Amino acid sequence: MPPRPPRPAARAGSWGGTVKPAPFRYEKPRSVEQALALLAAEDEEPKVLAGGQSLVPLMNFRLARPSLLVDINGLAELSYIRREGSRLRIGALTRHAVLEESPLVERHWPLLTEAVRLVGHPQIRNAGTIGGSLAHADPTAELPVALAALDAGFVVRSRSGARELHWSEFFVGQLQTSLQPDELLVETVVPALPAGTGCRFDEFTRRHGDFALGGCAVTVSLDPDGACTRAAIALLGAAPTPIRAARAEAELVGRPVTAESAARSAARAVQDLDPTSDLHASGEYRRDLIESLVARSLLTARGRAREGVPA
Ligand SMILES: Cc1cc2nc3c(=O)[nH]c(=O)nc-3n(C[C@H](O)[C@H](O)[C@H](O)COP(=O)(O)OP(=O)(O)OC[C@H]3O[C@@H](n4cnc5c(N)ncnc54)[C@H](O)[C@@H]3O)c2cc1C
């Protein structure tokens with residue numbers, strides 16, 4: 001057997017070397033103000049590092065090549081869940097696992113609890129953050145869709161001030177948000193749901209913990225006579241961003257939710273959809289899947305609203 005050729009010497013920052021990502025600088029600010037100053041001062045491509053669950057793999061494949069990483073993991077001031085008035089406020093650095101375990105969220109915003117339990121595996125939920133999931137803007141991520149159904153807003157800060165964006169202004173395309181390079185997402189704000197509301201988050205994955213092929217987040221509010229006063233239907237994997245099925249929602253209002261009206265509304269929700277076809281599923285399959293999930297979820301949400309499961 002011929003002798004093996006010698007291995008090339010490892011060079012940091014190159015393929016085959018000891019470091020997989022392209023070279024970058026790294027800063028760990030001690031306050032939000034310091035983080036904002038670092039982002040504002042960088043004239044190449046700064047990136048915020050939160051849980052690293054999406055960013056680090058992208059950097060390792062060199063699909064992301066930030067010039068500067070601003071590591072916000074030391075900013076405890078961005079990690080909280082609290083209720084102010086009727087609204088829920090979630091700091092951007094809150095881990096998925098903390099949201100999952102929050103009794104406040106489970107009692108009053110159970111849609112979020114149901115959704116976050118479906119994010120990846122426990123290891124991902126221990127490290128990944130709510131802000132990271134939103135800023136990453138994957139159209140098959142659970143939390144953006146649940147927050148779209150809940151009409152959430154996002155507070156974004158830069159050195160020049162703060163702005164609050166409705167979810168529909170925040171998500172602009174696949175893996176794209178309206179965040180500017182010098183902006184930090186600091187908080188998610190979720191309005192309260194009316195009394196008599198039931199919710200359901202449902203999705204289909206090939207294997208437990210995988211990204212879903214399709215899914216939906218649904219809320220149904222009923223008056224004391226059982227008529228629907230408000231409905232929200234947000235779709236996962238149906239388009240480059242989370243979307244709401246406004247016409248399907250409107251058709252439910254003013255009458256009881258029945259198996260027939262849920263099926264009609266689900267058909268309406270997917271009527272104009274053209275989901276992506278890829279090696280995991282065809283667009284047609286995804287549309288049929290989402291239709292079934294919406295019909296089923298509307299009935300589950302109606303049942304929960306009737307039972308008085310707190311919204
Ligand atoms: C094996 C595996 C399975 C997964 N399965 C799922 C799943 O089923 N469902 C799902 O939703 N996700 C899934 N994920 C992704 C996971 O939820 C990530 O945690 C999440 O998408 C990103 O959160 P992060 O805190 O890790 O963000 P990072 O990876 O640190 O950052 C992601 C992006 O957001 C930006 N960013 C982060 N925080 C901020 C901020 N505060 N302000 C501005 N920009 C910010 C970063 O610059 C980067 O562009 C999975 C990941 C892995 C590795």
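Here a residue is called buried when its relative accessible area is under 20%, exposed when over 50%, and partly exposed in between, using a 1.4 Å probe and protein chains only. The model you're looking at is predicted, so local features need pLDDT of at least 70 and side-chain atom pairs count only at pLDDT 80 or more, while totals for chains, interfaces and linings use all residues. Residues are numbered from 1 along each chain as its sequence is written, and side-chain values use heavy atoms, with hydrogens and water left out.

**Exercise 1. Find where A195 sits, and decide whether A195 is buried or exposed.**

Step 1: Place it. A195 belongs to the loop between β10 and β11 (197–204). Strands are DSSP runs of E, at least two residues long, and helices are runs of H or I, at least four long, numbered from the N terminus.

Step 2: Check the surface. The relative accessible area of A195 is 75%, so A195 is exposed.

Step 3: Look across the fold. Although A195 and G308 are 113 residues apart in sequence, their C-alpha atoms are 8.4 Å apart in space.

**Exercise 2. Work out the strand order of the five-stranded sheet and name its edge strands.**

Step 1: Get the order. Reading across this open sheet gives β4-β5-β10-β6-β7, and the pairing is antiparallel. Two strands pair if DSSP finds at least two bridges between them.

Step 2: Find the edges. β4 (81–84) and β7 (161–166) each pair on one side only, which puts them at the edges.

**Exercise 3. Follow β5 to its partners, and say how enclosed β5 is by the rest of the structure.**

Step 1: Start with β4. The antiparallel strands β4 and β5 are joined by four bridges, and R83 faces L88 of β5.

Step 2: Look at the turn. Two residues lie between the strands in the hairpin of β4 and β5, and G85 there takes a positive phi near 60°.

Step 3: Go to the other partner. β5 (residues 87–91) is also joined by four bridges to β10 (residues 184–190), again running antiparallel. Here L88 stands opposite V190, and R89 stands opposite V189.

Step 4: Check burial. Four of the five residues in β5 are buried, so β5 is largely enclosed by the rest of the structure.

**Exercise 4. Lay out the three-stranded sheet and say which strands stand at its edges.**

Step 1: Read the order. It's an open sheet running β1-β3-β2, with parallel pairing.

Step 2: Pick out the edges. β1 (25–27) and β2 have a single partner strand each, so each has one side left without a neighbour in the sheet.

Step 3: Zoom in on one pair. β2 and β3 (residues 68–71) pair in the parallel sense over four bridges. One partnership to look up is K47 with L69 in β3.

**Exercise 5. Compare R62 and L175: find the loop that holds each, and say whether it is buried, exposed or partly exposed.**

Step 1: Know the background. Most residues other than glycine have a negative phi.

Step 2: Take R62. Its phi is positive, near 60°, and R62 isn't a glycine. R62 lies in the loop between α2 and β3. With a relative accessibility of 16%, R62 counts as buried.

Step 3: Take L175. This residue isn't a glycine either, yet its phi is positive at about 60°. You'll find L175 in the loop between β8 (171–173) and β9. At 44% relative accessibility, L175 counts as partly exposed.

**Exercise 6. Describe the largest pocket and the second largest pocket by volume and by the residues nearest each centre.**

Step 1: Know the term. A pocket is an open set of points on a 1 Å grid over the protein atoms alone, where a 1.4 Å probe fits, with protein on both sides within 12 Å along at least five of seven lines; lining residues have an atom within 4 Å of a point. Points are joined across faces, edges and corners, and volume is the space filled by probe spheres set on them.

Step 2: Take the largest pocket. Its volume is about 1300 Å³. Of its 49 lining residues, S54, L55, G132, A135 and H136 lie nearest the centre.

Step 3: See what builds its lining. Elements giving two or more residues include β2 (46–49), α2 (55–60) and α8 (142–149). α7 supplies the largest share, five residues.

Step 4: Take the second largest pocket. The volume here is about 460 Å³. Its lining has 19 residues, with T140, A212, D278, H280 and R286 nearest the centre.
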